[in-house]
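Visitor: I would like to go through this structure term by term. Please give me the value behind each label.

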Amino acid sequence: FRGRTCFLGNTLPFRLLARLARRPGHYVGYEDLLADVWGGGQRSDAAVRSVAKALRQRLRRAGLDELAAAVDGSVPGHYALRLPA
């Protein structure tokens, strides 16, 4: 992102970012995120929030503050990747 990288490996934070990046600017509900990122199963909404928090932290540690801020959870029950213009 803007010439910087952050190695996430094949982790839940990576899969969350990849899912949100499929349609930047569009909010994705927790139910869809749980199905797409976790593959279904019994998980709580807290799992989504926890992984989003971990993703933001890793991006900030890599100096990708702008990308971390773009992971938007301001709509209850949804996340989006709201990239700057």
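Guide: Then start with Gly73, which has a relative accessibility of 34%. This is a predicted model, by the way.

Visitor: Why is Gly73 called partly exposed?

Guide: Buried means under 20% and exposed means over 50%. Gly73 has 34%, so it counts as partly exposed. Gly73 sits in the loop between S2 and S3. Its contacts, leaving out residues up to four places away in sequence, are Arg56, His78 and Tyr79. The C-alpha atoms of Gly73 and Tyr27 are 8.6 Å apart, with their positions 46 residues apart along the chain.

Visitor: What makes Val75 partly exposed?

Guide: The relative accessible area of Val75 is 31%. Partly exposed runs between the 20% and 50% limits, so the label fits Val75. Val75 also lies in the loop between S2 and S3. Its C-alpha atom is 12 Å from that of Gly25, 50 residues apart along the chain.

Visitor: And how do you know that Arg2 is exposed?

Guide: Exposed needs over 50%, and Arg2 has a relative accessible area of 55%, so Arg2 qualifies. Arg2 is found in the segment before H1.

Visitor: What is notable about the phi of Arg2?

Guide: Phi of Arg2 is near 50°, a positive value in a residue other than glycine. Most residues other than glycine have a negative phi.

Visitor: Which residue takes a positive phi in the hairpin of S2 and S3?

Guide: Gly77 does, with phi near 80°. That hairpin has five residues between the strands.

Visitor: How do you know that S2 and S3 pair?

Guide: Pairing needs at least two bridges, and S2 and S3 have two, so they count as paired. The sense is antiparallel. Val71 stands opposite Leu81 in S3.

Visitor: What makes S1 and S3 a pair?

Guide: S1 and S3 also share two bridges, in the antiparallel sense. The requirement of at least two is met, so S1 and S3 pair. Here Val28 stands opposite Tyr79 in S3.

Visitor: In what order do the three strands run in the sheet?

Guide: The order is S1-S3-S2, in an open sheet with antiparallel pairing. Strand S1 (28–29) and strand S2 (71–72) each have a single partner strand, so they stand at the edges, with one side lacking a neighbour in the sheet. Helix H1 (residues 12–21) packs on the sheet and touches S1, S2 and S3. The direction of H1 makes about 75° with that of S3.

Visitor: Why are H1 and H3 called roughly perpendicular?

Guide: H1 and helix H3 (residues 45–61) pack at an angle of about 95°, with axes 9 Å apart. Roughly perpendicular covers 65 to 115 degrees, so H1 is roughly perpendicular to H3.

Visitor: Which residues meet where H1 packs on H3?

Guide: From H1 come Leu12, Pro13, Leu16 and Leu17. From H3 come Val51, Ala52, Ala54, Leu55 and Arg58. This contact has eight nonpolar residues, no polar ones and one charged.

Visitor: What makes H2 roughly perpendicular to H3?

Guide: Their angle is about 75°, with axes 10 Å apart. That value falls in the range of 65 to 115 degrees, so roughly perpendicular is the right term for H2 and H3. Tyr30, Leu33 and Leu34 in H2 meet Asp45, Val48 and Arg49 in H3. The residues of this contact divide into four nonpolar, no polar and two charged.

Visitor: How many aromatic pairs does a search of the whole structure find?

Guide: One. The pair is Tyr30 with Tyr79.

Visitor: Why is that pair called stacked?

Guide: The ring centres of Tyr30 and Tyr79 are 5.9 Å apart, within the 6.5 Å limit for a pair. Their planes lie at 15°, and stacked means under 30 degrees, so Tyr30 and Tyr79 are stacked.

Visitor: What parts does the pair tie together?

Guide: Tyr30 belongs to helix H2 (residues 30–37) and Tyr79 to strand S3 (residues 78–81), so the pair ties together parts that are 49 residues apart in sequence. Both Tyr30 and Tyr79 are buried.

Methods
Residues are numbered from 1 along each chain as its sequence is written. This is a predicted model: local features need pLDDT of at least 70, side-chain atom pairs count only at pLDDT 80 or more; totals for chains, interfaces and linings use all residues. Side-chain values use heavy atoms; hydrogens and water are left out. Rings of Phe, Tyr and Trp (its six-membered ring) pair if their centres lie within 6.5 Å; planes under 30 degrees apart count as stacked, over 60 as edge-to-face and the rest as tilted. Helices (H or I, at least four residues) and strands (E, at least two) are DSSP runs, numbered from the N terminus. Buried means under 20% relative accessible area, exposed over 50%, partly exposed in between (1.4 Å probe, protein chains only). Contact means heavy atoms within 4.5 Å. Axes are lines fitted to C-alpha atoms, for helices over the stretch in contact, and angles run from 0 to 180 degrees between N-to-C directions. Angles under 35 degrees count as roughly parallel, over 145 as roughly antiparallel, 65 to 115 as roughly perpendicular and the rest as oblique. Ala, Val, Leu, Ile, Met, Phe, Trp, Tyr, Cys and Pro count as nonpolar, Asp, Glu, Lys and Arg as charged, and the others, Gly among them, as polar.
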